[in-house]
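Here is my note on the model you sent. The points are numbered so that you can reply to them one by one.

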Amino acid sequence: MIDCAKANAQQGISTAAELCGYGSDLNTFERELKLACQKIGVEVKELNDLITDQQMVQQGMGIEIAPDTPSEL
């Protein structure tokens, strides 16, 4: 469930819930997602907490900071 929610988090909670098998039952989806995350020791307050920095950069939602050349930091 966590993998499915994470993969679809950028598309919004409605889409993530539907694709994870919860249809339009957003309350149950959120509750089950939080429980699943708690079981593995991850605190999630909302679906967006599952979006990683790497995903944001790949989708153009952030900036990538890197040196100009391999020898210059």
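1. Does asparagine 8 count as buried or exposed? At 13% relative accessibility, asparagine 8 counts as buried, since the cut-off for buried is under 20%. The residue lies in helix α1. Beyond its neighbours within four places in sequence, asparagine 8 is in contact with Ala16 and Leu19. Please keep in mind throughout that this is a predicted model.

2. Overall layout. The protein chain has four helices and zero strands. From the N terminus on, the order is α-α-α-α. The chain has 73 residues, and 23% of them count as buried. About 5500 Å² of the protein chain is exposed, with 47% of that area supplied by carbon and sulfur atoms. Take the contacts between residues at least 6 apart in sequence: 44% of them join residues at least 24 apart.

3. Length of helix α3. This helix covers residues 26–39, which makes 14 residues. At 1.5 Å a residue, α3 should span 20 Å. Its end C-alpha atoms are 20 Å apart, so expectation and model agree. After α3 comes glycine 41, with a positive phi near 80°.

4. The two sides of α3. Which residues of α3 are buried? They are Thr28, Phe29, Leu33, Ala36 and Cys37. These residues cover an arc of only 160° around the axis, which puts them on the same side of α3. An α-helix has 3.6 residues a turn, so residues three or four places apart point the same way. The buried residues of α3 pack against α1 (2–8) and α2 (13–19). The face turned away from that buried side carries the exposed residues Asn27 and Gln38.

5. Asparagine 27. This residue of helix α3 has a relative accessibility of 59% and therefore counts as exposed. Its C-alpha atom is separated by 9.4 Å from that of alanine 17, and the two residues are 10 apart along the chain.

6. The nonpolar core. The largest one has 14 residues. Those with the most contacts inside it are Ile2, Ala5, Phe29, Leu33, Cys37, Leu47 and Leu50. The elements that give two or more residues to this core are α1, α2 and α3. Its largest share, four residues, comes from α3. In soluble globular proteins, nonpolar side chains tend to be buried together.

7. Phenylalanine 29. This residue sits in helix α3. With a relative accessible area of 1%, phenylalanine 29 is buried. Leaving out residues up to four places away in sequence, phenylalanine 29 touches Met1, Ala5, Ile13, Ala16, Ala17, Cys20, Tyr22 and Leu47. Isoleucine 13 is 16 residues away along the chain, and the two C-alpha atoms are separated by 8.8 Å.

8. Leucine 47. Again not counting residues up to four places away in sequence, leucine 47 touches Ala5, Ala9, Gly12, Ile13, Ala16, Phe29 and Leu33. Among these partners, Phe29 and Leu33 are buried residues of α3.

9. Tyrosine 22. This one is found in the loop between α2 and α3. What is its relative accessible area? The value is 25%, so tyrosine 22 is partly exposed. Beyond residues up to four places away in sequence, tyrosine 22 touches Met1, Ala17, Thr28, Phe29 and Glu32. The C-alpha atoms of tyrosine 22 and glutamate 32 are separated by 9.9 Å, for residues 10 apart along the chain.

10. Cysteines. How many disulfides are there? The count comes to zero, with the cut-off for a pair of cysteine sulfur atoms set at within 2.5 Å. Cysteine 37 has 0% relative accessibility and counts as buried. Cysteine 4, at 24%, counts as partly exposed.

11. Lysine 45. This residue lies in the loop between α3 and α4 (53–58). At 60% relative accessibility, lysine 45 counts as exposed. Lysine 34 is 11 residues away in sequence, and the C-alpha to C-alpha distance is 7.5 Å.

Note on methods: Residues numbered from 1 in each chain as written. Predicted model: local features only at pLDDT ≥ 70, side-chain atom pairs only at ≥ 80, totals over all residues. Heavy atoms only, no water. Buried < 20%, exposed > 50% of the residue type's maximum accessible area, 1.4 Å probe, protein only. Contact = heavy atoms within 4.5 Å. Areas by Shrake-Rupley, 256 points an atom, 1.4 Å probe, with all protein chains shown as cover. Expected span 1.5 Å × (residues − 1). Arc of directions from axis to C-beta. Core = buried A, V, L, I, M, F, W, Y, C linked by side-chain atoms within 4.5 Å.
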